[in-house]
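Student: Got a minute to go through this one with me? I'd like to start with the terms.
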Amino acid sequence: NQNRKAHRNGIKKPKRHRYSSTRGVDPKFLRNQRFAKLHDPVQNKALARKLAAEAAEQENKKPVNAEQKPAAVPKVTGKRQREEDAQVPKKEAKTTSAPQKEVKKDAAAPAKKEAAPAKK
């Protein structure tokens, strides 16, 4: 009878939570895990930002080689760009002088049949 009662709603697996309890786990392991999380840039967003800032700073301090290309001129945008566009005349598009064909309806074309009266 107990087996029948147990299967009425089905025998379910226990719920798996996102973070399992660390109760009863070795304290030395937990301490090491805590420090590992603290110094892991994947899990610690503040540390990741700090490392990214340091990397960017190192990029700026690189010595400039004579072989490198000169820096690109920044693109002008906004109000200054509109002023420059107004000063430079734009080229006009060329138009073709070929005559366009006109489509005329032929009078000889058969007219559409008028709708037949509705049958009852």
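Tutor: Sure. A polar contact is a pair of N or O atoms within 3.5 Å. Keep in mind that this is a predicted model.

Student: OK, so which residue caps the N-terminal end of α3?
Tutor: N44 does. One of its side-chain oxygens lies 3.3 Å from the backbone nitrogen of A46.

Student: And how far apart are the end C-alpha atoms of helix α3?
Tutor: They are 23 Å apart. Helix α3 covers residues 45-60, which makes 16 residues. At 1.5 Å a residue it should span 22 Å, so the two values agree.

Student: Zooming out, how many helices and strands are there in the chain?
Tutor: Four helices and zero strands. Reading from the N terminus, the order is α-α-α-α.

Student: What share of the chain is buried?
Tutor: Buried residues make up 0% of the 120 residues. The accessible surface comes to about 14,000 Å². Carbon and sulfur atoms account for 53% of that surface.

Student: What about rings? How many aromatic pairs does the structure hold?
Tutor: Zero. There is a charge over a ring, though: R34 lies over the face of F35, at 5.8 Å from the ring centre.

Student: Where is confidence lowest, and where is it highest?
Tutor: Helix α4, residues 79-87, is lowest, with a mean of 66. Helix α1, residues 2-7, is highest at 95. The chain has a mean pLDDT of 76, and 51% of its residues reach 70 or more.

Student: How should I read the low parts?
Tutor: Where pLDDT is low, don't read the predicted coordinates in detail.

Definitions and conventions. Residues are numbered from 1 along each chain as its sequence is written. This is a predicted model: local features need pLDDT of at least 70, side-chain atom pairs count only at pLDDT 80 or more; totals for chains, interfaces and linings use all residues. Side-chain values use heavy atoms; hydrogens and water are left out. Helices (H or I, at least four residues) and strands (E, at least two) are DSSP runs, numbered from the N terminus. Buried means under 20% relative accessible area, exposed over 50%, partly exposed in between (1.4 Å probe, protein chains only). Accessible areas come from the Shrake-Rupley method with a 1.4 Å probe; for residues, only the protein chains shown count as cover. Rings of Phe, Tyr and Trp (its six-membered ring) pair if their centres lie within 6.5 Å; planes under 30 degrees apart count as stacked, over 60 as edge-to-face and the rest as tilted. A charge sits over a ring if NZ of Lys or CZ of Arg is within 6 Å of the ring centre and within 35 degrees of the ring normal. pLDDT is the predictor's confidence in each residue, from 0 to 100. The expected span of a helix is 1.5 Å times one less than its number of residues. A polar contact is a pair of N or O atoms within 3.5 Å; within protein, one must be able to donate a hydrogen and the other to accept it, and residues adjacent in sequence count only if both atoms are side-chain atoms.
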